[in-house]
Amino acid sequence: MTYRICVDVGGTFTDLYLRAESGNADSFKTSTTPDDFTLGIVNSVEKAADSYGVTVRELLADTEQFVHGTTVSTNAIIEGTTRDTALITTAGFRDILWLRPEIQKNTYEWRPFPDPFVPRESTYGVTERITAEGDIETELDETQLRDIIEQIRDDDVTAVAVSLLWSHTNSAHEKRIGELLDELAPELHYALSHEVNPTIREHRRTSSTALDAAVYELVNSYLSRLSHELRSRGFEGDPLIITANGGVMGSEEVADSPIWTVDAGPTMLPVATRQLAKSELDSNDVIALDMGGTSLDMCVVTDGSIPRSTDAVVGDHYMLGIDKVGIKSIGSGGGSIAWVDDGNLLRVGPESAGADPGPVCYRRGNEAPTVTDAALVLGYLNPEYFLGGEMKLDRQAADRAIRERIGSRLGLPPLEAAYSIYGTTIQDMVNGIKTVTIEQGIDPRNYVLSGGGGALGTFVVELARQLQIDEIALPKDAGVVSSIGGLSSDIRQDFVSSVFTDSEHFDHDAVNDTLDDLESDARAFFDRAGIERADQSLSFYADARYPQQMDELQIELPVSRIGTGDEQRLVERFHDRHDSTFGYAMPDESVEFLKWRVDARGSTDDGDPLSTPVSPTSDASDPAPYAEREAYFGESMLTCPAYRSERLTADCSIDGPAFIDDENTTIVLPPDSEATVTDAGNYLIRT
């Protein structure tokens, strides 16, 4: 039997999703090991092998595809543990990383302007100048450059980012700097902006190049170690790495462009939920949520389209600059710490207890109550069946922590204090979801709520009620939703080039030459990845705007090359997209085109990872609970049946109040809610 595996490393747990050739699928969770993430990955593989009654070597030898989501680069940027990096830019533009778009949206929330990723004292300006049209106005001063490289070597940095003005239109000077770095400082890794992110907008391009250079050594070391660990245990292939654009790439490909691993894990969330909502409810409109131990990740899929943005930030203020899946995160997770502020108001998060020590009920030394502790005190979790019974939870410790840290401050008994933590978490989540829906002109009532993560099932029904959403779709293995997405994602890479033209003076030759080059790069990428022609897919896009606008819209081209008259069809598409996005269009206005893009996708999916058929039984409508437990829903304690997920059959229905206990998550069904198991083993919930 062969297998396909995806392992996603989270802040608290490492999730593994395995799909066998037979069509059966299973999920496993182990604690994340922050000191060495590969240890947690190996632990999860060992757990899966034990479940299937085989050795780790046997399991990995029969694994056709191993997909992995890593947080190595993200953590390094947030924690400030990246390699010391220098920046070479055009003389007179040393402050390019200071001059960034404002990311503090709340005018009334003052905070100091953050320092740039590369300090100004490590930023060097070299005399040269290329115009916006790509003409060399001032030659590169190589004598000055040699002095700069010597200064950089004296600064004891290990990486260099090179980002010159307008290098995306003419890369000659950046290439020459690379040659001199190879000659004079071969020990230094360097990143060139025209290779990392060849697009207009200097700050984004420079920031992404600096980040890429800074995480290169860390990511390469980690991927090398991961590949070695897998090979030594029997895996013979090249692991596929989840990337920020919502796809996967081979580890060797990622090693050359490590910027694509930054904040990449959550991008699998909309991939999985889009597929689930379509297959189970025939809906293309989804609010996708992943609630793990440290955060709640959110993404809104409209008409089946997963949003992408170049405005993503990491570490609160460092712009990625690359075109990544639009995920927003807030500090609401199972490990989020509850606390009372100086004004005697209850707060939850953003600080998290993480994987170590974790919530109080883990009994690992933490004394600050968390969201998981509150859920346990409320009776929502089975303390004997956490992680399938592998970890026993200490309800008394959770009760004591809530009583001492929260209840005593607010004058509430532990049960009501725990319910206040639960309600505050719900409200924080609602507020977060409103920022990606209502504030963007989206009515959440017209969407399906879907997702997963270890903690989402505890909150999802009450959350849907607050948002007035009627339908919820959760995968059978909701606790590892991002890992599910990893097995349904394509091998993917974007190829971008900046060529300016407008609708009134459209430069067909320049645009088509660019599209030729981009397609050639995409085909070469497919060849490196070993993707057969029948599994290759190319989509062509342009980034367009009205004159004087600050931002562009991405428009799919009606054809792969723009012939005479085709530009008008493209303009019409832009007007329609602008109207649907902003509520108005200006059909008499000309349209500017700034960037051209080829989206290259190679199919790797040989089945539906969200379909694990289960058989109905004669008494499917009346499943038998395995236990009962007392739980609090805001008025009094209620006796609630609890069901084991693996014992539920197709078409069975469960009325709340009740619980569905899975090894990796718990679904809480409050009074007046109802859950139905589909033929594929997934859950449809009516609120």
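Reader: In which loop does Tyr-584 lie?
Author: This is a predicted model. Start with helix 16, which covers residues 566–582. Tyr-584 lies in the loop between helix 16 and strand 27.

Reader: Is Tyr-584 buried, partly exposed or exposed?
Author: Buried means under 20% relative accessible area, and exposed means over 50%. Tyr-584 has a relative accessible area of 40%, so the word for Tyr-584 is partly exposed.

Reader: Which residues make the nonpolar surface patch with Tyr-584?
Author: The patch has an area of about 290 Å². Tyr-584 is one of its residues. The others are Phe-582 and Met-586.

Reader: Are the rings of Tyr-385 and Tyr-626 stacked, edge-to-face or tilted?
Author: Their centres are 6.5 Å apart. Planes under 30 degrees apart count as stacked, and over 60 as edge-to-face. The planes here stand at 55 degrees, so the pair is tilted.

Reader: How many residues apart are Tyr-385 and Tyr-626?
Author: Tyr-385 is in the loop between helix 10 and helix 11. Tyr-626 is in the loop between strand 27 and strand 28. The pair links distant parts of the chain, and the separation is 241 residues.

Reader: Which of the two, Tyr-385 or Tyr-626, is buried?
Author: The cut-off for buried is under 20% relative accessible area. Tyr-626 has 23%, so Tyr-626 is partly exposed. At 9%, the buried one is Tyr-385.

Reader: Which residue has its charged end over the ring of Tyr-385?
Author: Look 4.0 Å from the centre of the Tyr-385 ring. The charged end found there belongs to Arg-644.

Reader: Over the face of which ring does Arg-629 lie?
Author: Arg-629 is at 4.3 Å from the ring centre. That ring is also part of a cluster linked by ring pairs, with members including Tyr-380, Tyr-419 and Phe-459. The ring under Arg-629 is Phe-659.

Reader: How many residues of helix 13 are buried?
Author: Helix 13 runs over residues 456–467, which makes 12 residues. Among the buried ones are Leu-456, Phe-459 and Leu-467. The helix is largely enclosed by the rest of the structure, because the buried count is 9.

Reader: Which residue just after helix 13 takes a positive phi?
Author: The phi is about 60 degrees. The residue is Gln-468.

Reader: What is the radius of gyration of the protein chain?
Author: The protein chain has 687 residues. A compact globule with that many residues would have a value near 26 Å. The chain agrees, with 26 Å.

Notes. Residues are numbered from 1 along each chain as its sequence is written. This is a predicted model: local features need pLDDT of at least 70, side-chain atom pairs count only at pLDDT 80 or more; totals for chains, interfaces and linings use all residues. Side-chain values use heavy atoms; hydrogens and water are left out. Rings of Phe, Tyr and Trp (its six-membered ring) pair if their centres lie within 6.5 Å; planes under 30 degrees apart count as stacked, over 60 as edge-to-face and the rest as tilted. Helices (H or I, at least four residues) and strands (E, at least two) are DSSP runs, numbered from the N terminus. Buried means under 20% relative accessible area, exposed over 50%, partly exposed in between (1.4 Å probe, protein chains only). A charge sits over a ring if NZ of Lys or CZ of Arg is within 6 Å of the ring centre and within 35 degrees of the ring normal. Patches are made of residues with over 30% relative accessible area and no salt bridge: like charges are joined within 9 Å, nonpolar side chains (Val, Leu, Ile, Met, Phe, Trp, Tyr) within 5 Å. Accessible areas come from the Shrake-Rupley method with a 1.4 Å probe; for residues, only the protein chains shown count as cover. A salt bridge is a side-chain nitrogen of Lys or Arg within 4 Å of a carboxyl oxygen of Asp or Glu. The radius of gyration is taken over C-alpha atoms; the globule rule is 2.2 Å times the number of residues to the power 0.38.
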